[in-house]
Amino acid sequence: MENKIYLKVFDSKSLEALNKLEGDGYISNLTGPLSTGKESYVFKSRDSQNREVAVKIHRHDIKSFKKIPSYLVLRGSKSGGFLRRINLWTRYEFNFLSKAFNIGINVPEPYRVYENILVMQFLGEGDTPAKLAIKTTDFDKERWYSEIVDSIIKMGKAGFMHGDLSPYNIMNFNDRPYLIDFSQALKLSQATLEYLKRDIDNVNRWFAKMGLDDISDSENIIGRINKSYVKG
Ligand SMILES: Nc1ncnc2c1ncn2[C@@H]1O[C@H](COP(=O)(O)OP(=O)(O)OP(=O)(O)O)[C@@H](O)[C@H]1O
Ligand SMILES: [Mg+2]
């Protein structure tokens, strides 16, 4: 990580973390960026086995800090402050992404988390990332709807939800909907049921707008998640 551009883009802690990941073979030079959001940067890279990876770096700044879900800030250590909480948040995202991957949801395979950096499978072909669902309607709407609803139910049964589900966080990879960005994911409980409803409503509104008729309402979908998983 000696490119001068990196020195301009990243704070020294992030650079140290990138160097550590490079030394351990999880990444090499970064290319892209695939995305430069307010809270994170996403780059493409290759690991030492020459696998293509996506590298999501949570910015060590106040905007990023403000996006940390309040329940996590409450739970996070009071000592250490800012950087530590962003790192904790990155780990939290990685853990939910891993849970989703382990129960067979279509998500990028998680490879490694270190401090504020998450390394995962690159979704795309060659240098071209897969399209975000918001940018295309070129897919089988009925099949996609049922796959996304099945994923919501499966995650619900495993006790969690995505928390920020929308066509901005779904990619069209190999003709299938892949869920990305688990940074707002949440455990499912009576207290968080409203967020699950919001996820479902977002998906329903999106498919209704595309003209799909056969849409299940959120009560119906929530009802298909065994109630015993919704602990109070
Ligand atoms: N595994 C991946 N493979 C390819 N591209 C990816 C991958 N993960 C993320 N991206 C790209 O990076 C973008 C941002 O990723 P993500 O949604 O996880 O971050 P974010 O926190 O929402 O970013 P922002 O700060 O822009 O809101 C995605 O919209 C997508 O274009
Ligand atoms: Mg996102």
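Ser 35 has Val 42, a residue of strand 2, as its bridge partner, and this pair offers a starting point for reading the structure, which is a predicted model. Strand 1, covering residues 31-36, and strand 2, covering residues 40-46, are joined by three bridges and pair in the antiparallel sense. The two strands form a hairpin, with three residues lying between strand 1 and strand 2.

A second hairpin is made by strand 4 and strand 5, with two residues between the strands, and in this hairpin Glu 115 takes a positive phi near 50°. Within the pairing, Tyr 114 has Ile 117 of strand 5 as its bridge partner. The two pairings are set out below.

| Strands | Residues | Sense | Bridges |
|---|---|---|---|
| Strand 1 and strand 2 | 31-36 and 40-46 | antiparallel | three |
| Strand 4 and strand 5 | 110-114 and 117-121 | antiparallel | four |

The bridge partners Ser 35 and Val 42 appear again around ligand 1, where Ser 35, Gly 37, Val 42, Ala 54 and Asp 181 come nearest of the 21 residues that surround the ligand. Strand 1, strand 2, strand 3 (52-58) and strand 5 are the elements that give two or more residues to this shell. Sorted by class, the shell around ligand 1 holds ten nonpolar, seven polar and four charged residues.

Where does ligand 1 lie with respect to domain 1 and domain 2? Because domain 1 (14-125) and domain 2 (130-229) both contribute residues to the shell around ligand 1, the ligand lies between the two domains.

Definitions and conventions. Residues numbered from 1 in each chain as written. Chains lettered and ligands numbered in written order. Predicted model: local features only at pLDDT ≥ 70, side-chain atom pairs only at ≥ 80, totals over all residues. Pairing = 2+ DSSP bridges. Near = placed C-beta within 6 Å. Nonpolar A, V, L, I, M, F, W, Y, C, P; charged D, E, K, R; others polar. Domains from an automatic or database assignment.
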